[in-house]
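Reader: I'd like to go through the labels people put on side-chain pairs and see what backs each one. Can we take them one at a time?

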Amino acid sequence: MTETSDLRIGRRTVLAATGATAAALAVGGAVPATKEPEAAVPVAAAAVCTLTKEMTEGPYYLDGQYVRSDVSEGKTGFPLKLTLTVVDDDTCVPLPNALVEIWHADALGEYSGFVGNNGHDEPDNGTFLRGGVLTDSTGVAAITSVYPGWYRGRCVHIHIKVHTNVTLTSDGSFTGGREIHTGQLFFNETITARVATLSPYSANTVTRTTLAQDSIYDEGGAASGLLTLTALGSSTSAGYAGTLTLGVESS
């Protein structure tokens with residue numbers, strides 16, 4: 001099943017600037033309304049928010065996933081350490097206790113609960129590479145996974161939702177709350193091309209769609225979900241850290 005290029009327009013969301021600005025948001029929050037003269041204000045402290053469209057949920061979402069910081073479940077692949085900062089779009093103040101939920105394909109391009117849709121046969125428990133975590137007091141959600149693979153017609157990506165006011169359940173999942181953002185995270189094409197040549201990703205027999213060829217990604221950079229990737233070691237197989245600051249309309 002292939003996603004369409006339809007974009008959801010029911011809500012406004014923003015992606016706040018990454019890098020130094022994101023770091024400032026994570027630890028310092030918004031710039032106070034009353035501040036020193038411009039010359040005395042550090043550049044990193046000036047929050048910059050850019051409006052962006054929500055991305056399609058796609059065909060592979062499953063309700064009732066676990067609340068957990070590590071969603072890898074032992075799947076083979078290169079480590080991926082996500083640090084996602086959620087901020088309010090009006091104030092750019094970090095949003096604590098928001099549930100950041102992700103789901104994505106494994107190295108063979110298969111989603112749990114739908115294994116076989118990308119032409120590969122493997123065990124399917126319905127939960128691998130799915131789950132979420134609550135943001136901390138600085139709005140940060142830290143999630144461990146593996147670098148995603150690709151499936152027919154789409155570039156490498158991760159799906160993401162942000163929920164507020166959820167109730168954690170005794171079985172390790174969540175219920176209720178309000179969904180305030182649905183989007184996708186994207187990966188640098190140069191890095192993905194390098195990953196794709198190595199095992200286990202090289203065993204994926206489906207032709208890979210590049211970032212530029214993708215029907216959903218609109219070349220908008222961080223404003224459209226492009227992660228900032230940093231190598232975790234000296235080799236590609238050591239994996240990557242991925243960071244992004246995501247602004248949402250929380251009220």
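Author: What follows is a run of short questions about rings, charges and burial.

Author: Some ground rules: this is a predicted model, where local features need pLDDT of at least 70, side-chain atom pairs count only at pLDDT 80 or more, and totals for chains, interfaces and linings use all residues. Residues are numbered from 1 along each chain as its sequence is written, and side-chain values use heavy atoms, with hydrogens and water left out.

Reader: Why is the pair of Tyr60 and Tyr111 called stacked?

Author: Rings of Phe, Tyr and Trp (its six-membered ring) pair if their centres lie within 6.5 Å; planes under 30 degrees apart count as stacked, over 60 as edge-to-face and the rest as tilted. Here the centres are 4.3 Å apart and the planes sit at 15 degrees, so Tyr60 and Tyr111 are stacked. The structure holds 10 aromatic pairs.

Reader: And what makes Tyr60 and Tyr151 edge-to-face?

Author: Their centres are 5.5 Å apart and their planes stand at 90 degrees, so that pair is edge-to-face. Tyr60 is in the loop between β2 and β3, and Tyr151 in the loop between β6 (140-146) and β7 (157-164), so the pair ties together parts 91 residues apart in sequence. Strands here are DSSP runs (E, at least two residues), numbered from the N terminus. Both Tyr60 and Tyr151 are buried, with buried meaning under 20% relative accessible area, exposed over 50%, and partly exposed in between (1.4 Å probe, protein chains only).

Reader: How do you know that Lys161 and Glu57 form a salt bridge?

Author: A salt bridge needs a side-chain nitrogen of Lys or Arg within 4 Å of a carboxyl oxygen of Asp or Glu. Lys161 and Glu57 have N to O at 2.7 Å, which fits. Lys161 lies in strand β7 and Glu57 in the loop between β2 and β3, so this bridge links parts 104 residues apart in sequence. By this rule there are seven salt bridges.

Reader: Why does Lys161 count as buried, and what is Glu57 then, buried or partly exposed?

Author: Lys161 has 0% relative accessibility, so the buried label applies. Glu57 has a relative accessible area of 25%, so Glu57 is partly exposed.

Reader: What about the salt bridge of Glu73 and Arg68?

Author: Their N to O distance is 2.8 Å. Arg68, at 17% relative accessibility, counts as buried, while Glu73, at 34%, is partly exposed.

Reader: Which residue has its charged end over the ring of Phe128?

Author: That is Lys75, 4.1 Å from the ring centre; the label asks for NZ of Lys or CZ of Arg within 6 Å of the centre and within 35 degrees of the ring normal. Lys75 also forms a salt bridge with Asp106, the closest N and O atoms being 3.1 Å apart. Lys161 lies over the face of Tyr61, at 4.9 Å from the ring centre.

Reader: How do you know that Glu101 has no salt bridge?

Author: The nearest side chain of opposite charge, Lys161, is 6.4 Å away from the buried Glu101. For charges, Lys and Arg count as positive and Asp and Glu as negative; His and the chain ends are not counted.

Reader: Which side chains make polar contacts with the side chain of Glu101?

Author: Among them are Tyr61 at 3.0 Å and His163 at 2.8 Å. A polar contact is a pair of N or O atoms within 3.5 Å; within protein, one must be able to donate a hydrogen and the other to accept it, and residues adjacent in sequence count only if both atoms are side-chain atoms.

Note on methods:
Helix = DSSP H or I, 4+ residues; strand = E, 2+ residues; numbered from the N terminus.
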